[in-house]
Amino acid sequence: MAFLLPPRPRKAAELIQFLEGKIVSGQFPAGYRLPPLRQLQADFHLSYSTVQRGIAYLCSRGLLEKSGRDILIGRESGGQNRKTIRQVAVYLLSYRLSQRTGLYLSVLQGIQQAALEKGYSVLVDPLEPDGDHIAQIQESSTRASGIILLLEYDSFISEYPLLPPTVGVQMVQDFGGRISLVDVDPINAAAQATAFFLRRGINKMRVFASSLPSYKFRAETFILHWHQATGVMPEVFMHGRGESIYEVDFPPDSGNFFTSDNLLQNYCERYAERFPGRSLPTDTCVLGVDGKRLLVSDFATFPTIAVDWQEVGRAAFEECCTLIEYPGRPRRRIWMPGTLRID
């Protein structure tokens with residue numbers, strides 16, 4: 001027989017969202033005792049019965065449990081051998097949390113939503129750009145059942161033992177099959193981009209990419225597809241970390257493939273500075289990848305191969321859970337296909 005969860009009480013939505021956030025972030029650990037219901041009633045300006053319905057809903061999901069008169073953050077049942085809720089640690093560079101693109105926040109939302117559904121807690125542990133990343137991950141990951149790395153680069157973890165099950169997002173190396181990977185499907189993106197430019201009769205093709213491994217891989221995959229389709233090698237502009245954009249002209253008959261919407265946006269802004277009143281996407285044929293411009297209202301409007309980044313987060317979390325539950329399972333590369341968006 002299937003058991004359905006009760007519907008989410010609408011009047012208690014603010015209380016439920018607050019408690020879910022505290023539980024998922026680890027601020028309310030397993031076994032933590034909630035304030036009395038009368039205090040929650042006063043804090044959230046709700047009726048006592050509404051608070052009771054909200055608490056009952058969270059109990060039905062296993063996020064809370066009753067112990068006599070107390071309401072505790074949920075733990076797996078098992079008498080004296082109760083275990084705390086499993087935790088997944090998520091690492092990303094600290095400045096990503098405040099970036100306007102919202103990409104990493106979308107990934108985190110997907111991770112947190114999936115964690116709530118499975119009764120896991122999530123520890124988001126920002127890494128400082130100049131910090132000792134290996135030491136930080138080693139210290140905090142001892143408390144986690146699994147790890148998700150949102151990093152876009154690979155090199156520093158080559159010396160890290162990665163003992164818990166680990167999933168990398170926007171990374172290329174799997175370090176001898178030690179980690180699973182989730183990223184934009186480069187073959188799907190290259191095929192869509194090649195078809196996009198060929199439909200427009202493009203003969204002169206250029207590729208703009210960051211030297212970070214994930215973006216470089218996208219560029220290399222597109223170059224291969226384009227050469228196979230046309231017999232012509234594109235001109236390539238590869239950006240090192242922190243490098244300023246190239247001062248290049250954009251002939252109206254050229255095709256310009258950017259492996260990141262953010263990089264394309266930088267060129268759009270520079271182009272508008274050089275030619276006031278003009279727009280790069282209007283003056284020539286451009287295409288970006290990853291859909292960031294759909295997340296940010298002040299990005300230029302240009303074609304992009306967009307990926308649902310919340311689904312990327314969910315896929316990374318589901319893979320991490322699978323590796324936790326089945327430690328011997330081989331690590332995988334999970335490619336998330338994008339959708340061409342012209343509007």
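In the predicted model, the contact between helices α4 and α10 involves residues on both sides. From α4, the residues taking part are L103, S106, V107, Q109, G110, I111, Q113, A114, A115, E117 and K118. Their partners in α10 are W309, Q310, G313, R314, F317, E318, C321 and E325. Sorted by class, the contact of α4 with α10 comprises 8 nonpolar, 6 polar and 5 charged residues. Helix α4 spans residues 103-118 and helix α10 spans residues 309-325. Their axes come within 7 Å and cross at roughly 45°. With that angle, α4 is oblique to α10, because an angle that is neither under 35 degrees, nor over 145, nor from 65 to 115 counts as oblique. The crossing in which α4 passes α10 is right-handed.

A second helix pair is formed by α6 (residues 186-199) and α7 (residues 213-230), whose axes come within 9 Å and cross at roughly 45°. Helix α6 is therefore oblique to α7. The crossing of these two helices, α6 and α7, is right-handed. On the α6 side, the contact is made by P186, I187, A190, A191, A193, T194, F197 and L198. On the α7 side, F217, R218, T221, F222, H225, W226, A229 and T230 take part. The residues of the contact of α6 with α7 fall into 11 nonpolar, 4 polar and 1 charged.

The third pair consists of α2 (residues 37-44) and α3 (residues 48-60). The axes of α2 and α3 come within 9 Å, and they cross at roughly 110°. Because angles of 65 to 115 degrees count as roughly perpendicular, α2 and α3 are placed in that class. In this contact, L37, R38, L40 and Q41 of α2 meet Y48, V51, Q52 and I55 of α3. By class, the contact of α2 with α3 has 5 nonpolar residues, 2 polar and 1 charged.

The protein chain as a whole contains 10 helices and 14 strands. Of its 343 residues, 49% count as buried. The contacts were also sorted by separation along the sequence. Among those between residues at least 6 apart in sequence, 67% join residues at least 24 apart.

Two pairs of positions illustrate how residues separated along the chain are placed in space. I147 lies in strand β5, which covers residues 146-150. The relative accessibility of I147 is 0%, so this residue counts as buried. P165 is 18 residues from I147 along the chain, and the C-alpha atoms of the two are separated by 6.2 Å. G131, in turn, is found in the loop between β4 (121-127) and α5 (133-141). With a relative accessible area of 36%, G131 is partly exposed, because values between 20% and 50% are placed in that class. G131 and L93 are 38 residues apart along the chain, and their C-alpha atoms are separated by 9.9 Å.

Backbone angles were examined next. Most residues other than glycine have a negative phi. F175 is not a glycine, yet it has a positive phi of about 55°. F175 is located in the loop between β6 (166-169) and β7 (180-184). Its relative accessibility is 12%, so F175 counts as buried. D290 is likewise not a glycine, and its phi is positive at about 115°. D290 belongs to strand β11, which runs over residues 285-290. With a relative accessible area of 0%, D290 is buried.

Cysteine residues were considered last. The structure holds 0 disulfides. C59 has a relative accessibility of 22% and so counts as partly exposed. C268 has a relative accessibility of 7% and therefore counts as buried, since the limit for burial is under 20%.

Methods:
Residues numbered from 1 in each chain as written. Predicted model: local features only at pLDDT ≥ 70, side-chain atom pairs only at ≥ 80, totals over all residues. Heavy atoms only, no water. Axes fitted to C-alpha atoms, helices over the stretch in contact; angles between N-to-C directions. Helix = DSSP H or I, 4+ residues; strand = E, 2+ residues; numbered from the N terminus. Left-handed = near helix turned anticlockwise from the far one by under 90°. Contact = heavy atoms within 4.5 Å. Nonpolar A, V, L, I, M, F, W, Y, C, P; charged D, E, K, R; others polar. Disulfide = S-S within 2.5 Å. Buried < 20%, exposed > 50% of the residue type's maximum accessible area, 1.4 Å probe, protein only.
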